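I am opening my notebook on a structure that is new to me. I will look up a few things and write down what I find.

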Amino acid sequence: MRVGFIGLGSQGGPMARRIVEEGFETTLWARRPASLEPYADTAAKSAATPAELAAASDLVCLCVVGDDDVRQVLEGEQGVLAGLRPGGIVAIHSTVHPDTCRELAEKAAAQGVSLIDAPVSGGGMAAEARRLLVMVGGDDDAVERARPVLATYADPIVHLGGVGSGQTTKLLNNLLFTANLATAKSALDLGNALGVDAARLGEVITHGTANSFALGRITGGGTLEVLAAHAATLLRKDVGLIAGLASDADIEPGIVLTAADATLAMMQHPR
């Protein structure tokens with residue numbers, strides 16, 4: 001399978017490199033030529049436009065930032081869909097609205113192309129170690145055809161259902177992570193107020209039944225203020241998306257959204 005990869009940031013870059021290293025014929029495209037320089041020592045080729053990349057690919061993976069970026073790369077005269085032949089697959093690794101994936105999947109299907117949503121969790125180091133979590137939504141056949149490429153950087157790869165289900169799952173994961181930050185911070189603050197050193201309390205909990213990934217991000221020297229500097233905008237976006245989905249479905253999200261909102265408020269006004 002020939003692979004095209006767009007989105008060579010801190011997450012996508014290691015993913016693309018793993019694909020190349022596993023021997024897949026790979027073509028890269030980036031808005032800035034400087035983004036391609038780190039791959040000069042690999043067998044990867046580069047394309048002048050997303051359409052040119054797609055014409056040389058059977059599977060195109062996107063790891064760009066948001067909904068608008070995904071649409072810009074896929075649509076238009078020089079977009080991926082303009083160059084991808086019938087039978088091709090698009091995998092959206094970005095975290096975006098499920099409806100964005102469903103709408104684009106319909107457009108892709110009209111020209112014989114399959115689209116799967118495959119948001120990821122774990123970061124660049126996990127991709128390098130081949131243990132990135134990939135949450136996939138899409139047609140069974142398309143998912144299985146893409147699986148060997150996904151397996152170059154991911155384990156586990158969880159197929160959750162139709163297009164959009166991967167995005168919904170990723171948003172729920174990020175909602176719970178955001179909520180867990182608030183509960184972890186509140187527990188540490190309460191312990192400190194009761195005379196238990198927060199660092200020592202964190203050390204105990206990380207070895208106990210209440211441990212969580214979120215707790216690990218704010219113990220050992222980390223703070224919500226530090227986390228907010230690079231994650232607050234994305235977490236606010238994801239919490240807003242899942243809250244909107246719940247509202248549209250007339251579902252009460254309950255305490256988890258309340259806790260997530262508390263985290264976002266703490267990040268905005270750290271103390």
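**Entry 1: cysteines**

Why does the sulfur of Cys101 make no bond with the closest cysteine sulfur? I note beforehand that this is a predicted model. I looked up the distance. The closest cysteine sulfur belongs to Cys63, and it is 13 Å from that of Cys101, too far for a bond. The cut-off I need here is 2.5 Å between the two sulfur atoms. I also checked how covered Cys101 is. Its relative accessible area is 0%, so Cys101 is buried.

Then I searched the whole structure for disulfides and found zero. Cys61 is in no disulfide either. For Cys61, the nearest cysteine sulfur is that of Cys63, 9.0 Å away. Cys61 counts as buried too, because its relative accessibility is 0%.

**Entry 2: the cores**

Next I asked which residues have the most contacts inside the largest nonpolar core. They are Phe5 and Tyr153, in a core of 34 residues. I listed the elements that give two or more residues to this core: strands S1 (3–6), S4 (59–62), S5 (89–92), S8 and S9 (154–161), with helices H1 (12–21), H6 and H7 (140–150). H7 gives the most, with five residues.

I took a look around Phe5. Setting aside neighbours within four places in sequence, I found Phe5 in contact with Gly12, Met15, Ala16 and Ile19. Its contacts also include Thr27, Leu28, Trp29 and Leu53. Cys61, the buried cysteine from my first entry, is in contact with Phe5 as well, and so is Cys63.

There is a second, separate core. I counted 27 residues in it, among them Ala214, Leu215, Ala228 and Ala231.

**Entry 3: strand S8 and its partners**

Is S8 mostly covered or mostly open? I found it mostly covered, with five of its six residues buried. I then looked for its partners. Strand S7 (residues 120–121) pairs with S8 in the antiparallel sense, over two bridges. S9 runs parallel to S8, and five bridges join them.

Val134 in S8 is a useful residue to follow. Val120 stands opposite Val134. In S9, the bridge partner of Val134 is Ile157. From S8 the chain crosses through H7 to S9, and I noted this β-α-β crossover as right-handed.

**Entry 4: Arg131**

Where is Arg131? I found it in the loop between helix H6 (124–128) and strand S8 (132–137). Leaving out residues up to four places away in sequence, Arg131 touches Ala126, Tyr153 and Asp155. Tyr153 is one of the two residues with the most contacts inside the largest core. I also checked Arg131 against Gly4. They are 127 residues apart in sequence and 21 Å apart in space, C-alpha to C-alpha.

**Entry 5: aromatic rings**

How many aromatic pairs does a search of the whole structure find? I found one. The ring centres of Phe177 and Phe213 are 5.7 Å apart and the planes are at 50°, so I wrote the pair down as tilted. Phe177 lies in helix H8 (residues 165–193) and Phe213 in helix H10 (residues 213–217), so the pair ties together parts that are 36 residues apart in sequence.

Last, I looked up the covering of each ring residue. Phe177 is buried, because its relative accessible area is 15%. Phe213 counts as exposed, because its relative accessibility is 60%.

Technical notes: Residues are numbered from 1 along each chain as its sequence is written. This is a predicted model: local features need pLDDT of at least 70, side-chain atom pairs count only at pLDDT 80 or more; totals for chains, interfaces and linings use all residues. Side-chain values use heavy atoms; hydrogens and water are left out. Helices (H or I, at least four residues) and strands (E, at least two) are DSSP runs, numbered from the N terminus. Contact means heavy atoms within 4.5 Å. A nonpolar core is a set of buried Ala, Val, Leu, Ile, Met, Phe, Trp, Tyr and Cys residues joined through side-chain atoms within 4.5 Å. Buried means under 20% relative accessible area, exposed over 50%, partly exposed in between (1.4 Å probe, protein chains only). Two strands pair if DSSP finds at least two bridges between them. A crossover is right-handed if, with the strands pointing away from the viewer, the path from the first strand over the helix to the second runs clockwise. Rings of Phe, Tyr and Trp (its six-membered ring) pair if their centres lie within 6.5 Å; planes under 30 degrees apart count as stacked, over 60 as edge-to-face and the rest as tilted.
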